[in-house]
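Please open the model in your viewer and keep the sequence panel beside it, since this tour moves from one selection to the next. Each stop says what to select and then what can be found there.

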Amino acid sequence: MTVFSGSAAVNPGSYYYVSFSVPSNAINVQLSGSLTAAGGIGNDVRVYVFDQTNFINWQNGHSASAYYSTGQETAFNINVRLPNGAGTYYVVFDNTFSIFSSKTVTGTITLTYEVPAS
């Protein structure tokens, strides 16, 4: 399943996110892909993968744990194993550190999992 494909504009001082759901019977859940950031002096953004609870905490400036997180970088290779079973997750492209520069994130992220035969 494609979670993100193409490009996304991320305004200065802001973030962009995509959400996706994993079904309750999913096992061997894997999120993978590659991204690049362009714009501003550093051509950089931060990237996070959160579950729903931690995304809400992060949005509100509270402590949050991520399944994947980066510093300010230009190129990203995401390869994250997520828990088996149901959940809602968020991939976040974070440009909150930039005051003046918009960034564009380009790439593809896919979700794979198995469903056991019943």
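Begin by selecting Thr-70, which counts as buried because its relative accessibility is 13%, and bear in mind throughout that this is a predicted model. Thr-70 lies in the loop between strand S5 (68–69) and strand S6 (75–82). If you display its side chain, you will find that it reaches the backbone nitrogen of Val-47 at 2.9 Å. Leaving aside residues up to four places away in sequence, Thr-70 touches Val-45, Arg-46, Val-47 and Phe-76.

Now zoom out to the whole protein chain, which has one helix and eight strands, and follow the elements from the N terminus, where they run β-β-β-β-α-β-β-β-β. The radius of gyration is 15 Å, close to the 13 Å that the globule rule gives for 118 residues, so the chain is as compact as a globular protein of that length. Along the principal axes, the C-alpha atoms fill a box of roughly 55 × 30 × 15 Å. If you colour the chain by accessibility, buried residues make up 38% of the 118 residues, and of the roughly 6100 Å² that the chain exposes, carbon and sulfur atoms supply 45%. Among the contacts with a separation of 6 or more, 80% are between residues 24 or more positions apart.

Next, select S2, S7, S4 and S5, which form an open sheet of four strands in the order S2-S7-S4-S5, with antiparallel pairing. Strand S2 (15–22) and S5 stand at the edges with a single partner strand each, so one side of each is left without a neighbour in the sheet. Within this sheet, look at strand S4 (residues 46–51), which pairs with S5 in the antiparallel sense over two bridges, and find Tyr-48, which stands opposite Ser-69 in S5. Add helix H1 (residues 52–59) to the selection, and you will see that it packs on the sheet, touching S2, S4 and strand S7 (87–94), while its direction makes about 130 degrees with that of S4.

Then turn to the other set of strands, S1, S8, S3 and S6, an open sheet of four strands in the order S1-S8-S3-S6, again with antiparallel pairing. Here the edge strands are strand S1 (2–10) and S6, each of which pairs on one side only, and the twist averages 15 degrees from one strand to the next. Select S1 together with strand S8 (residues 103–114) to see an antiparallel pairing over eight bridges, in which Ala-9 has Thr-104 in S8 as its bridge partner. Strand S3 (residues 27–38) and S6 also pair in the antiparallel sense over eight bridges, and there the bridge partner of Ser-32 is Asn-79 in S6.

Stay with S6 and show its side chains, which alternate along the strand: Phe-76, Ile-78, Val-80 and Leu-82 point to one face and are buried, whereas Ala-75, Asn-77, Asn-79 and Arg-81 point to the other and are not.

For the last stop, select Asn-77, which is in strand S6. Is Asn-77 buried or exposed? With a relative accessible area of 64%, Asn-77 is exposed, because that value is over 50%. Not counting residues up to four places away in sequence, Asn-77 touches Gly-33, Ser-34 and Tyr-68. Finally, draw a distance from Asn-77 to Pro-12, C-alpha to C-alpha, and you will find the two 23 Å apart in space and 65 residues apart in sequence.

Methods. Residues numbered from 1 in each chain as written. Predicted model: local features only at pLDDT ≥ 70, side-chain atom pairs only at ≥ 80, totals over all residues. Heavy atoms only, no water. Buried < 20%, exposed > 50% of the residue type's maximum accessible area, 1.4 Å probe, protein only. Polar contact = N/O pair within 3.5 Å; in protein donor to acceptor, adjacent residues only side chain to side chain. Contact = heavy atoms within 4.5 Å. Rg over C-alpha atoms; globule rule 2.2 N^0.38 Å. Areas by Shrake-Rupley, 256 points an atom, 1.4 Å probe, with all protein chains shown as cover. Pairing = 2+ DSSP bridges. Axes fitted to C-alpha atoms, helices over the stretch in contact; angles between N-to-C directions.
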